[in-house]
Amino acid sequence: MSEEQKNNNEKQQFPSQEENTQQETITRVTGMYREWFLDYASYVILERAVPSIYDGFKPVQRRIMQSMKDLDDGRYNKVANLVGHTMQYHPHGDASIGDAMVQLGQKDLLIDTQGNWGNILTGDSAAAPRYIEARLSKFALDVVFNPKTTEWQATYDGRKKEPINLPVKFPLLLAQGVEGIAVGLSTKILPHNFVELIDAAIKYLKGKSFQIYPDFETAGIADVSDYKQGKRGGRVRVRARISQLDKNTLVINEIPYGTNTSSLIDSILKANEKKKIKISRVEDNTAAEVEILVYLPSGVSPDKMIDALYAFTDCEISISPICCVIEDNKPLFINVNEALKKSTDHTVYLLKSELEISLDELQEQWHFASLERIFIENRIYRDIEEETTWKGVIKAIDKGLKPHIKHLKRAVTEEDIVRLTEIRIKRISKFDLDKAKQYIESLEEKIAQVKENLSKLTEYAIDYFRNLKTKYGKERKRKTELRAFENIEATKVVIKNTKLYVNREEGFIGTALKKDEFVADCADIDDVIIFRQDGVMQVTKVDDKTFVGKDIIHVAVFKKNDKRTIYNMVYRDGKGGASYMKRFYVSGVTRDKAYDLTNGKPNSSVLYFTANPNGEAEVVTVHLRALGNIKKLKWDIDFADLAVKSRAVKGNLVTKKSVKKIELKEEGVSTLKPRKIWYDDSVMRINVEERGELIGEFKPKDRLLIINQHGNLKTVIPDLNMHFEEDMIILEKWLPNKPITTVYYDGKREKYYLKRFLVENPDKLEVIISDHPKSQLELVVTDYRPMVEVVFSKRNATPLIINAEEFIDIKGINALGNQVTKEKVKQINALEPLEYTEPDVSNMEVTEEEIATPKPEMSKEAEKPDTTPQKEKKEEEDQNPGEVDDTGQISLF
């Protein structure tokens with residue numbers, strides 16, 4: 001080989017760097033990112049996180065169900081074995097499979113579990129897979145599987161077949177709920193009630209409208225007013241069920257979805273550490289059912305604490321659903337109603353497919369049974385005795401069948417003839433013609449039934465859903481109560497966790513000014529209202545130290561939308577100007593904005609100021625400076641003569657003379673009228689917004705009468721933050737002289753008693769029945785002259801009518817009462833009471849916001865007694881004949 005050839009070979013084996021550079025292909029990173037990221041995102045969406053609309057399963061869940069079906073023999077299998085078998089279908093490891101199986105098992109629908117599978121209430125995890133067992137539930141076997149209607153695809157390694165979608169004939173997606181986070185999107189479908197889903201599917205098949213709402217395994221209370229059918233942008237508020245065990249203890253019996261007792265208690269303790277709430281301790285007694293005891297220190301209102309737990313802890317959470325599913329290998333955002341419709345339509349399609357397959361099978365059975373009968377009845381098998389070849393046998397049988405097959409529904413094939421040759425001699429010898437006819441007739445009946453079901457497919461589907469409800473729905477009642485929630489204002493229920501101080505001269509307020517004047521206990525989320533000497537008002541947030549302006553005359557914790565606190569003020573309009581008086585309330589304001597309550601002139605000053613929580617109107621004395629010829633140097637003013645208006649009004653003229661001072665002469669009384677209170681049963685709260693049923697008009701010391709089914713009675717002063725028990729049977733305004741009539745069963749004596757009494761101790765919780773465990777309240781009425789009907793168990797017995805007023809006198813609340821009857825009682829009813837004329841106590845019809853108007857005789861200056869000296873009066877008339885303020889009202893002075 002020459003040197004030139006050697007060099008050429010070396011160049012071919014070892015190309016130069018320049019040649020290498022020329023052969024390389026340049027690939028931009030942006031292109032790689034776009035292609036690879038989209039592949040990855042599509043894989044996660046389709047193969048990991050988002051469920052299919054058709055069967056409601058994520059891929060890992062579908063593969064778990066298929067593996068359990070593969071191994072199903074009616075007995076329990078170790079979860080470790082099931083996880084290992086599922087890895088033939090699922091390529092992502094045993095941990096993800098085990099976690100998904102535990103979640104399926106805890107939903108108590110598809111998997112029958114055995115062993116420690118964890119606890120959704122406490123958050124305890126399941127035992128190791130080798131210690132717990134599982135098998136398919138009867139519901140899963142009935143609803144989820146059917147190999148004949150299942151579409152299959154190769155597994156990830158090509159060794160086995162797995163279902164593309166399982167043929168689930170039930171809205172499983174909505175029954176179980178699902179949550180998943182993919183790349184660029186997520187899904188969160190809340191679980192719904194089993195029975196309600198079936199009812200909704202039936203309504204849809206009947207062409208009726210329907211609504212479905214979430215139902216959670218952890219129970220609780222849910223407000224679904226903003227659910228928006230589970231679409232993006234909707235919201236569900238879920239609360240724990242909290243009740244009052246006694247005056248110092250609250251008990252939580254149900255928790256919100258997505259929480260557990262451990263996380264709930266942690267949130268309560270954190271809120272206590274941040275001083276949002278005030279508790280003594282928390283005990284967790286949860287076992288099969290939730291029981292968390294929250295102990296309160298003395299002096300803490302249980303009603304306010306319940307609202308505080310909802311406001312500052314996980315006792316109330318907000319859930320934002322997103323109904324995202326996979327349809328035709330694409331993510332689809334729909335609402336739960338559309339999901340139910342698609343699932344129901346798919347169920348109808350599967351039922352139709354099953355019926356069509358069943359019809360084909362029955363027709364094939366009828367066809368061969370008919371051929372077999374012809375073959376044996378006509379002894380066609382004898383025609384093949386002389387045939388020596390297989391073709392001759394087939395031909396002989398075919399020839400023998402032809403005269404008898406005109407009634408068959410399809411042609412006879414060679415496969416049919418081959419099957420006839422496989423009939424054993426023993427079967428031929430024992431052939432029973434009558435039984436064969438009966439069998440064929442039964443097949444014909446089944447075929448007719450299947451055809452009828454196909455012709456009435458909708459009715460067949462409705463019957464299918466009804467059978468599911470009957471078979472599996474008995475123990476699946478709704479657990480979560482649906483109720484509208486009142487919005488809780490955090491500032492009204494927060495515990496006063498700090499103290500507010502003020503330095504009036506320097507103009508500072510805050511919680512860090514501990515050497516200065518104490519104002520009040522407050523919370524760190526409160527607002528503070530400040531009034532200054534120059535007539536400026538400001539509202540600001542509580543902070544360590546805030547400058548609000550010098551010469552502070554009043555500072556207090558601000559209550560938003562409070563129209564019952566009335567401010568009485570007299571101010572001088574500018575330097576040497578006239579003095580004006582006004583009454584006003586402060587409701588909505590802009591934080592940190594300065595509001596001038598005077599007429600706006602420079603050097604205006606507040607001469608007198610009071611804040612009155614109940615709208616009190618005092619009497620004050622005005623002292624003038626002894627200047628010139630003024631003879632009347634003082635007179636009295638009653639703020640009750642002045643109407644309450646907005647803070648922006650100029651006010652009524654007091655005097656144009658120079659005021660020396662204004663002194664309090666007489667403490668005022670409230671000018672607020674009784675407020676009407678309503679009870680809204682939908683949220684179980686009282687209100688003043690005219691929602692629900694009117695209870696009555698209440699003055700500051702009036703009380704509510706509350707009686708529950710357990711015989712507990714109490715009277716309380718109405719508070720809009722109050723909570724009411726579900727077993728409450730009496731809620732009305734308490735009238736101290738109005739008797740209460742009860743009929744109760746005494747468990748110790750096993751007899752019925754009737755008694756009438758008055759509430760003698762309104763501050764005490766009373767029990768109006770005997771304390772025996774079997775004692776129970778039968779009837780309680782608050783009519784003046786009640787009538788009671790007693791229905792006996794004995795047939796045709798005449799009911800006993802009792803006039804309670806004549807039957808027994810009014811006695812003490814702890815009295816036993818008079819025995820009603822010795823006979824067995826079936827029912828006790830309240831009848832129409834006798835007529836009673838109540839004392840004429842007239843109360844004006846007013847709302848909470850209505851305030852006393854000025855007295856008519858004080859509306860004009862001319863009607864005020866004329867005590868002004870003639871000379872001074874003449875001067876004022878010359879300067880200002882008939883002055884009217886900016887509200888259009890003639891001034892008082």
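Modeller: Let's start with a term: a nonpolar core is a set of buried Ala, Val, Leu, Ile, Met, Phe, Trp, Tyr and Cys residues joined through side-chain atoms within 4.5 Å. Buried means under 20% relative accessible area, with exposed over 50% and partly exposed in between (1.4 Å probe, protein chains only). By the way, this is a predicted model, where local features need pLDDT of at least 70, side-chain atom pairs count only at pLDDT 80 or more, and totals for chains, interfaces and linings use all residues. Residues are numbered from 1 along each chain as its sequence is written, and side-chain values use heavy atoms, leaving out hydrogens and water.

Colleague: Fine. Which residues touch the most other members of the largest nonpolar core?

Modeller: Those are M65, L110, F139, F170 and L468, out of 94 residues in that core. Helix 12 supplies its largest share, 15 residues. Helices here are DSSP runs (H or I, at least four residues), as are strands (E, at least two), numbered from the N terminus. There's also a second, separate core of 25 residues, including I265, I268, L309 and I495.

Colleague: What does F139 touch?

Modeller: Contact means heavy atoms within 4.5 Å. Leaving aside residues up to four places away in sequence, F139 touches L109, L110, V144, F170, L172, F194, L468 and Y472.

Colleague: How do you know that the span of helix 13 agrees with its number of residues?

Modeller: The expected span is 1.5 Å times one less than the number of residues. Helix 13 (residues 390-401) has 12 residues, so it should span 16 Å, and its end C-alpha atoms are 17 Å apart, which agrees. Its buried residues, G392, V393, I394, A396, I397, G400 and L401, pack against helix 12 (336-377) and helix 14 (414-421).

Colleague: What makes a space a cavity and not a pocket?

Modeller: On a 1 Å grid over the protein atoms alone, a cavity is a set of points where a 1.4 Å probe fits but cannot get out, while a pocket is an open set with protein on both sides within 12 Å along at least five of seven lines; lining residues have an atom within 4 Å of a point. The structure holds three cavities of 30 Å³ or more, and the second largest has a volume of about 50 Å³. F170, L172 and A339 are among the residues lining that cavity.

Colleague: And what is the volume of the second largest pocket?

Modeller: About 1,500 Å³. Its lining has 46 residues, with Q103, Q106, K107, I120 and Y257 nearest the centre. Helix 6 gives the most to that lining, six residues.

Note on methods:
Points joined across faces, edges and corners; volume = space filled by probe spheres on them.
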